[in-house]
Amino acid sequence: MPRHVAIIMDGNGRWAKRRMMPRAVGHKRGVEAVREVTRAVRDMGLGALTLYAFSSENWKRPADEVADLMGLLRNFIRSDIEEFVANNVRLRIIGDYQVLAPDIVDLIDDALERTARNTGTQLAIALNYGSQQEIARAAAKAAAAGDVTPESIEAHLDTHGMPPLDLLVRTSGEERLSNFLLWQAAYAELWFTDVLWPDFTPAHLKEAIDAFGRRERRYGGR
Ligand code: IPE
Ligand code: IPE
Ligand code: MG
């Protein structure tokens with residue numbers, strides 16, 4: 001079993017386009033997939049799941065799409081926080097979420113506080129996240145402390161305290177990292193699928209985890 005799985009949830013727009021529906025519908029169905037996959041991960045007892053929800057580059061999208069995504073985020077936290085509390089899920093955020101709308105920041109801070117002592121699955125949501133920015137921030141902190149090493153940089157990453165990333169999944173047929181977990185993916189196993197994110201189910205996740213189980217990891221050794 002992987003200790004930590006991360007997913008680049010891609011393909012909401014294409015899912016909607018194929019059905020001649022607005023992109024917002026694809027994003028809405030994407031949230032349903034998040035819910036199902038998160039429940040499955042929790043029930044499997046996986047240590048950590050990190051989901052790429054909004055990148056630091058996604059601000060380039062039209063304002064109405066950004067607003068749709070923020071609205072879905074707001075609703076998601078409001079509606080699912082009780083389920084996290086009840087199921088021992090510890091919520092985390094990676095990325096600079098402080099620049100989001102003040103009411104979303106408050107919702108997030110409340111959810112972080114309410115789940116901070118939970119000991120089950122860690123669910124990290126990447127919001128306004130860019131891996132290069134994260135590494136630069138961490139390196140600056142390490143430098144300020146006069147100690148720049150891989151270990152000291154790692155200690156300042158947003159993912160600090162999470163288990164090492166074992167498996168990185170991307171949906172929708174794209175095979176790139178798009179500024180996601182560049183440092184953490186150093187020795188992660190990568191798994192790509194053509195399935196569009198709204199169609200992604202716990203069965204697909206099991207497929208990825210089974211494939212992970214068949215990989216031979218060497219970490220440069222032999
Ligand atoms: C992923 O789906 C969701 C986010 C990036 C927020 P996209 O919106 O990127 O969907 P495609 O890639 O256009 O199909
Ligand atoms: C990556 O998907 C970001 C998220 C899934 C949140 P994008 O759709 O933004 O990535 P690119 O632009 O295809 O690389
Ligand atoms: Mg995309």
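Colleague: Let's start with Met20. Where is this residue found?
Modeller: Keep in mind that we're looking at a predicted model. Met20 belongs to no helix we'll discuss; its place is the loop between α1 and α2.

Colleague: And is Met20 buried or exposed?
Modeller: Exposed needs a relative accessible area over 50%. Met20 comes in at 78%, so it counts as exposed.

Colleague: What is the phi of Met20 near?
Modeller: Most residues other than glycine have a negative phi. Met20 isn't a glycine, yet its phi is positive, near 55°.

Colleague: Asn128 has a positive phi too. Is Asn128 buried or exposed?
Modeller: Asn128 is found in strand β4, and its phi is about 45° although it is not a glycine. The cut-off for buried is under 20% relative accessible area. Asn128 has 12%, so it is buried.

Colleague: On to α2. Which residue with a positive phi follows this helix?
Modeller: α2 covers residues 23–44. It has 22 residues and reaches 31 Å from first C-alpha to last, close to the 32 Å expected at 1.5 Å a residue. Right after α2, with a phi near 75°, comes Gly45.

Colleague: Take Thr38 in that helix. Which residues does Thr38 touch, leaving out those up to four places away in sequence?
Modeller: Thr38 has 9% relative accessibility, so it counts as buried. Its contacts, with those sequence neighbours left out, are Leu49, Leu51, Phe84 and Leu123.

Colleague: What do the buried residues of α2 pack against?
Modeller: The buried set of α2 includes Gly26, His27, Val34, Thr38 and Arg42. The elements packed against the buried residues are β1 (4–8), α1 (12–18), β2 (48–55), α3, β4 and α7 (202–214).

Colleague: Now α4. Within what arc do its buried residues fall?
Modeller: α4 runs over residues 102–115 and reaches 20 Å, close to the 20 Å expected. Its buried residues are Ile104, Val105, Leu107, Ile108, Ala111 and Thr115. Looking down the axis, they line one face of the helix, because they fall within an arc of 160°.

Colleague: Which exposed residues sit on the face of α4 turned away from that buried side?
Modeller: The cover over the buried residues of α4 includes α3 (63–86), β3 (90–94) and β4 (122–129). On the face turned away from the buried side, the exposed residues are Pro102 and Asp106.

Colleague: Let's do the ligands. How much of ligand 1 does the protein bury?
Modeller: There are 13 residues around ligand 1, and Asp10, Gly13, Arg14, Arg23 and Arg61 are the closest. Oxygen atoms of the ligand lie 2.8 Å from a polar side-chain atom of Asp10, 2.9 Å from a backbone N or O atom of Gly13 and 2.7 Å from a polar side-chain atom of Arg14. Taken alone, ligand 1 exposes 380 Å², and the share buried by the protein is 86%.

Colleague: And how much of ligand 2 does the protein bury?
Modeller: The residues around ligand 2 include Asp10, Tyr52, Phe54, Arg61, Arg176 and Ser178. Polar side-chain atoms lie 3.2 Å from a ligand oxygen atom for Asp10, 2.7 Å for Arg176 and 2.6 Å for Ser178. Ligand 2 exposes 400 Å² when taken alone, and the part of that buried by the protein is 77%.

Conventions. Residues are numbered from 1 along each chain as its sequence is written. Chains are lettered from A and ligands numbered from 1 in the order in which they are written. This is a predicted model: local features need pLDDT of at least 70, side-chain atom pairs count only at pLDDT 80 or more; totals for chains, interfaces and linings use all residues. Side-chain values use heavy atoms; hydrogens and water are left out. Helices (H or I, at least four residues) and strands (E, at least two) are DSSP runs, numbered from the N terminus. The expected span of a helix is 1.5 Å times one less than its number of residues. Buried means under 20% relative accessible area, exposed over 50%, partly exposed in between (1.4 Å probe, protein chains only). The arc is that of the directions from the helix axis to the C-beta atoms. Contact means heavy atoms within 4.5 Å. A residue is near a molecule or strand if one of its heavy atoms lies within 4 Å of it. A polar contact is a pair of N or O atoms within 3.5 Å; within protein, one must be able to donate a hydrogen and the other to accept it, and residues adjacent in sequence count only if both atoms are side-chain atoms. Accessible areas come from the Shrake-Rupley method with a 1.4 Å probe; for residues, only the protein chains shown count as cover.
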